[in-house]
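Please open the structure in your viewer and keep the sequence beside it, since this tour moves from one selection to the next and tells you what is found at each stop.

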Amino acid sequence: MSAAGRDTGGNPIQLLLHVPVPWVYVLTYLAGVGLQMAFPWHVRKSGSPLIAGWAVFAVGLAIAGWGWTIFHNARTTTVPGEASSQLIRRGPYRMSRNPMYVGLAIAYLGEAGLQNQVWPMVLLPLTLAYVNWIVIPVEEERLNEVFPGEYERYRKSVRRWL
């Protein structure tokens, strides 16, 4: 059963599982932009932050896109709580069990750097905490159910993040 199909009983944390994870990153970033506009906070630019920001953004986008492409080509789900058709262990999944989330976080930091915005960076740990302690446990529980033993071996050999 998908996370979206579960009875939430009005639990706000469970209700958050209805929001696709990439949108959680986007919405958090936009909240940071709102704070940035209300309470401007910038860091002093030095060197070439534009090039560095683009490079960081591109690396994050490449990692997230690579992970998503592997899932898409394998015809398995990217929805937390839905049963995967196969356990992916190739490509970036050899180094991280969650490269799409890692990539999104890196791209998020690159965008904040490009825009010289501090507030989105301050809020990023909230999104990472939500993903780490709410979303990923739901995914891992489901993977354990669908791939007993195999997922546990994978979990022990590859880190959750990096």
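At 1.5 Å a residue, what span should the 17 residues of helix 4 have, and how far apart are its end C-alpha atoms? The expected span, which is 1.5 Å times one less than the number of residues, is 24 Å for helix 4, and its end C-alpha atoms are 24 Å apart, which agrees.

Before going on, please note that this is a predicted model, in which local features need pLDDT of at least 70 and side-chain atom pairs count only at pLDDT 80 or more, while totals for chains, interfaces and linings use all residues. Residues are numbered from 1 along each chain as its sequence is written, and side-chain values use heavy atoms, with hydrogens and water left out.

**The whole chain**

Begin with the whole protein, whose secondary structure comes to six helices and zero strands, where helices (H or I, at least four residues) and strands (E, at least two) are DSSP runs numbered from the N terminus. Read along the sequence, the pattern is α-α-α-α-α-α. Of the 162 residues of the protein, 40% count as buried; buried means under 20% relative accessible area, exposed means over 50%, and partly exposed lies in between, with a 1.4 Å probe and protein chains only. If you look at contacts (heavy atoms within 4.5 Å) with a separation of 6 or more, residues 24 or more positions apart account for 75% of them.

**Helix 4, residues 99-115**

Now select residues 99-115, which form helix 4. Its buried residues are Pro99, Met100, Tyr101, Val102, Gly103, Ala105, Ala107, Tyr108, Gly110, Ala112 and Leu114, and these pack against helix 2, helix 3 (49-74) and helix 5 (119-146).

Stay in helix 4 and pick Glu111, which is partly exposed, with a relative accessible area of 24%. Leaving aside its neighbours within four places in sequence, Glu111 is in contact with Tyr29 and Phe57. Glu111 and Tyr29 are 82 residues apart in sequence, yet their C-alpha atoms are 9.2 Å apart in space.

**Helix 2 beside helix 4**

Add residues 21-38, which form helix 2. At 1.5 Å a residue, the 18 residues of helix 2 should span 26 Å, and its end C-alpha atoms are 26 Å apart, which agrees. In helix 2, the buried residues include Val24, Gly32, Val33 and Gln36, and what covers the buried residues of this helix includes helix 4 and helix 5.

At what angle do helix 2 and helix 4 pack? The angle is about 20°, with the axes 11 Å apart; axes are lines fitted to C-alpha atoms, for helices over the stretch in contact, and angles run from 0 to 180 degrees between N-to-C directions. The two helices are therefore roughly parallel to each other, given that angles under 35 degrees count as roughly parallel, over 145 as roughly antiparallel, 65 to 115 as roughly perpendicular and the rest as oblique. To see the contact, show Val21, Pro22, Tyr25, Thr28 and Tyr29 in helix 2, which meet Tyr101, Leu104, Ala105, Tyr108, Glu111, Ala112 and Gln115 in helix 4.

**Helix 2 beside helix 5**

Keep helix 2 and add helix 5, and you will find the pair packed at an angle of about 155°, with their axes 8 Å apart. That makes helix 2 roughly antiparallel to helix 5. Among the residues that make this contact are Val24, Ala31 and Leu35 of helix 2 and Trp119, Leu123, Thr127 and Val131 of helix 5.

Next, pick Pro125, which lies in helix 5 and is partly exposed, with a relative accessible area of 48%. Pro125 and Thr28 are 97 residues apart in sequence and 9.9 Å apart in space, C-alpha to C-alpha.

**Two loop residues**

Most residues other than glycine have a negative phi. Select Asn116, which follows helix 4 in the loop between helix 4 and helix 5, and whose phi is near 55°, a positive value. Then select Arg75, in the loop between helix 3 and helix 4, whose phi is also positive, near 55°.

Which of these loop residues is buried, and which counts as exposed? Asn116 is buried, with a relative accessible area of 12%, whereas Arg75, at 73% relative accessibility, counts as exposed.
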